[in-house]
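User: Please take a close look at one part of this model, the packing around a single core residue, and then set that part in the context of the rest of the chain.

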Amino acid sequence: MHTNKYPWAAFLRRFHISGVTFFCLAAFSRYSAAQCEHGWSSQFSTSGAPGRFGIRSITHYEPCGLIFAGSSWSAGPIDISGVGCWDGIRFYMPGRSLSSIGFAIQGDTGGGLEIFGVMAERYVVRWHGGDWEYVSPISLSPYIHALCVYNDGNGPALYAGGDFLMVGNERFNSIAKWDGVAWRPLQTGLGGGCFVLKVYDDGTGPALFAGGPFSRAGDQTAWSVAKWDGQQWHGFGGTDGIYVYALEVWDDDGDGPRRPGLYVGGQFDFAVQPTGEWIPAENMARWDGQTWEAVGAGTPGTIRALKVHDDGTGAKLYAAGGMEVNNGQPMRQVGFWDGQTWNVLDGAFDGGGSSGTQVYALESYDDGHGPQLYAGGTFDFVNGTVAQNIARWDGQQFHSLAHGQGLVGQNPWTMAAFDDGRRPAIYAAGYIDAAGDVPIDGLARWDGQGWENTSTTGAILYLASHNDADGQHLYATGGISRIAGVEVDKLARFDGQHWEPVGATQFDNGGVPATLEFFDDSGGEALYIGGQFRTLGGQTFNNVARWNGQQWQPLGAGFTNPSGQTIVTDLQVYDDGNGPALYACGWFRDSGTTRVNGIARWDGQQWQPLGSGLTYGTAVHPYPYAMAVHDDGGGPQLYVAGQFNRAGGQPAPSLARWDGQTWSTFGNITFTDSTPPVVDSLLSFDIGDGLGLFIGANALRVNGVQLRGLLRWKDGQLAEFAGGMHSGNPFVLLGRHEAGGPALYAAGAFSTVGPADAPIVSARFARYGCVTTVNRGDLNCDGLVNAYDIDAFVLAMQDAARYAETYPDCRIQNADTNADGAVNAFDIDPFVALLVGA
């Protein structure tokens with residue numbers, strides 16, 4: 001294989017920078033001195049569209065660029081509900097949110113440029129720059145699949161096709177026309193549903209063509225495709241299958257003698273001529289107004305979208321759907337027809353969950369960097385990179401849209417800092433599908449530069465780093481049965497090189513440990529675990545156990561809860577002045593015959609209550625989630641958080657503290673209804689301005705003011721920390737001392753951090769601490785932007801992991817020269833401008 005020794009040379013040729021210009025670049029060097037400021041990191045953004053419900057339609061709409069339509073999904077800092085606009089740099093949502101929307105189309109019905117859509121597959125809605133409005137208060141029930149604007153000679157009008165029979169009390173049969181006042185039938189409609197509508201001129205003038213599972217149009221026989229000329233229906237053969245999903249008009253010989261054809265895609269084996277003759281046409285055929293013809297050998301696999309696109313080398317017809325192979329070549333959902341042959345694209349779509357890997361929509365769009373083809377559907381990855389249902393084709397290969405290093409999937413539940421011998425790192429675990437562009441199977445490692453995957457089977461609920469007698473280890477527990485290829489039973493440890501099971505663990509069926517702690521109760525240091533398990537190795541433990549290095553031992557009677565689930569959610573060591581002791585909290589009421597109410601202290605023989613404990617009304621057990629030892633100036637106290645309304649009989653809205661003798665509250669927290677707030681996490685940590693208690697909460701009302709996300713209790717005040725989080729809350733907090741000073745890490749269900757009026761995108765993972773100023777363009781970190789940065793820039797574009805290894809003291813964000821939160825092809829032109837001093 002030929003390797004380019006000087007990658008910058010190809011880079012310069014691509015942008016037509018002459019040799020003279022190159023040798024003069026040093027003269028235009030720009031100084032870029034690094035600085036350290038405290039704040040939230042911008043490394044963990046995601047500007048793609050993560051979500052499991054898929055994108056069902058993409059349409060070019062000039063006021064916002066592209067419109068993506070589907071169900072609810074996330075896009076960078078905002079949650080998209082139904083429709084999102086993409087302007088080439090970022091997503092935003094036009095108008096108010098809609099529960100779901102599909103099959104958006106562009107059209108002008110006389111009232112100016114508008115966008116039409118289908119909300120919840122039942123209601124036609126319209127947006128023209130203000131807000132969404134119903135086209136008609138009458139629903140077309142049950143489903144609408146297609147919209148199209150067509151002028152039948154009486155002015156542009158909106159047509160809707162779907163599975164509906166009635167509009168109001170009148171029978172329409174799958175297709176209807178909105179004339180601006182009311183819905184009108186098209187004669188007797190279609191004898192079956194309608195999946196797609198398209199305007200095409202077959203030589204007799206523009207007409208509306210419909211495709212779908214029908215065999216009749218009006219009083220005409222029509223095989224899945226029919227023509228409406230504004231007055232009546234026409235049949236002209238069609239296909240042998242009922243599934244016609246896509247129609248597109250294309251002139252495959254340009255200025256040649258052939259007229260533009262109507263290309264039909266779907267799931268069928270034959271095209272049927274108007275004379276009744278059947279010709280082989282696998283899933284795709286062409287109609288020229290007179291006859292049907294096959295399109296090459298067709299496509300093995302259903303076609304769901306067709307689009308003409310010119311990437312600069314001439315127009316081609318692109319087809320997408322669930323195709324896998326063509327002529328023995330893998331197509332992986334998208335390929336193109338150049339008029340003579342089918343061609344395979346350099347793209348591999350993967351994932352998509354239970355819906356499978358499908359591409360439902362294609363759209364050609366020039367965002368200012370040349371025409372590109374956008375694809376939407378149900379997929380997680382493209383070419384191994386996180387794409388989450390949206391990708392773009394630049395003429396060479398498919399790419400995900402802009403993304404950073406955030407977490408994709410559901411939420412991380414636990415974090416721990418651990419030095420595995422390579423460099424100190426943060427490990428995060430939970431239901432994580434991807435971190436940045438790295439696919440993740442449950443456990444991810446962040447070393448400050450990039451993410452790394454550790455494959456697990458089953459969910460990790462808790463991580464902890466501990467210095468054992470034989471060295472530092474990372475412990476993992478939860479529902480795991482395999483980690484990094486090693487068979488384990490719910491509990492494992494890692495020495496930096498190898499994972500191994502801990503003890504001969506044999507939990508009862510469904511038993512899962514959820515937390516662990518190390519404690520010396522005068523019998524030597526031992527590992528304590530808590531969670532949801534009744535027996536272990538055939539012996540009764542009741543949700544808490546001790547591992548002494550040789551065997552598992554019960555801790556008294558353990559914990560039970562006669563009114564619901566029993567789970568030990570957290571273990572914590574606390575010295576109340578009488579010596580260190582182990583405390584447990586969770587969803588439990590009793591320990592044997594002793595009422596403890598959600599929290600208890602282990603005295604070496606049995607579990608002791610803390611006064612009257614925690615309560616939540618009279619019929620609901622309390623839900624404590626986390627504990628932390630913190631000294632706010634009056635001595636160390638044990639703080640507990642969760643969802644409860646009383647501690648020791650006193651009102652305590654989900655936060656309380658225990659000093660060894662009595663319970664107390666803090667922070668002037670109030671709640672106005674019967675449901676107390678939810679507080680998920682606690683951390684006592686000094687971020688550099690004094691010790692404070694960090695609190696992760698969904699929402700707390702303090703002195704009448706609603707506080708959200710991340711709070712801090714310090715100097716007798718409870719307030720949002722660094723702007724809080726206004727898009728979700730952290731489930732786990734971690735403090736760590738790094739080379740640049742202390743840093744706070746948070747993981748959870750949020751997508752932004754900082755003030756609501758100036759949020760920073762940080763998807764499910766965030767860092768606050770010393771943030772080195774991004775020196776855009778200085779990729780070798782020598783303080784200058786010049787020709788010596790070219791190799792490093794190319795490396796950052798091609799291989800982020802290798803860049804991090806080669807330049808360990810640099811930040812890859814320096815390559816984000818257009819400051820959109822992503823490192824991709826859109827940064828090339830700004831980088832060249834920096835080089836030449838533009």
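Analyst: In this predicted model, Tyr 159 touches a set of residues that lie more than four places away in sequence. On the N-terminal side of Tyr 159 the contacts are Ala 146, Leu 147, Cys 148, Tyr 150 and Asp 152. The others are Ala 176, Lys 177, Leu 186, Leu 197, Leu 208 and Trp 228.

Tyr 159 belongs to the largest nonpolar core, which has 35 residues. Within that core, Tyr 159 is one of seven residues that touch the most other members, together with Leu 190, Leu 197, Phe 209, Trp 233, Val 264 and Trp 292. Leu 197 therefore appears twice, as a contact of Tyr 159 and as one of these seven core members. Strand E19 gives the most residues to the core, four in number. In soluble globular proteins, nonpolar side chains tend to be buried together. A second core, separate from this one, has 18 residues, and Leu 779, Val 785, Ala 787 and Tyr 807 are among them.A charged pair also involves this stretch of the chain. Lys 227 and Asp 202 form a salt bridge, with 2.8 Å between the closest N and O atoms. Lys 227 is in strand E22 (residues 225-228), while Asp 202 is in the loop between strand E18 (196-201) and strand E19 (206-211). The two residues are 25 apart in the chain, and both are buried.

Across the whole structure, 27 salt bridges are found. One of them joins Arg 422 and Glu 452, at 3.0 Å from N to O. Arg 422 lies in the loop between strand E44 (407-419) and strand E45 (424-435) and Glu 452 in strand E48 (residues 451-457), so this salt bridge ties together parts 30 residues apart in sequence. Arg 422 counts as exposed because its relative accessibility is 52%, whereas Glu 452, at 30%, counts as partly exposed. Both residues also belong to a network of salt bridges that includes Asp 420, Arg 445 and Asp 447. Another salt bridge, between Asp 590 and Arg 589, has an N to O distance of 2.9 Å. Here Asp 590 is buried, with a relative accessible area of 9%, and Arg 589 is partly exposed, at 30%.

Burial can also be followed along single elements. Strand E72 (residues 655-658) directs Leu 655 and Arg 657 one way and Ala 656 and Trp 658 the other way, and all of these are buried. Strand E69 (residues 636-643) runs antiparallel to E72 and is joined to E72 by four bridges; Ala 641 has Leu 655 as its bridge partner in E72. Strand E73 (residues 663-664) is likewise antiparallel to E72, with two bridges between them, and Ser 664 in E73 is the bridge partner of Arg 657. E72 and E73 make a hairpin with four residues between them, and in the turn Gly 660 has a positive phi of about 105°.

In helix H5 (residues 828-835), the buried residues are Ile 828, Phe 831, Val 832, Leu 834 and Leu 835. Viewed down the axis of H5, these residues fall within an arc of 160°, so they line one face of the helix. An α-helix has 3.6 residues a turn, so residues three or four places apart point the same way.

Note on methods: Residues are numbered from 1 along each chain as its sequence is written. This is a predicted model: local features need pLDDT of at least 70, side-chain atom pairs count only at pLDDT 80 or more; totals for chains, interfaces and linings use all residues. Side-chain values use heavy atoms; hydrogens and water are left out. A salt bridge is a side-chain nitrogen of Lys or Arg within 4 Å of a carboxyl oxygen of Asp or Glu. Buried means under 20% relative accessible area, exposed over 50%, partly exposed in between (1.4 Å probe, protein chains only). The arc is that of the directions from the helix axis to the C-beta atoms. A nonpolar core is a set of buried Ala, Val, Leu, Ile, Met, Phe, Trp, Tyr and Cys residues joined through side-chain atoms within 4.5 Å. Contact means heavy atoms within 4.5 Å. Two strands pair if DSSP finds at least two bridges between them.
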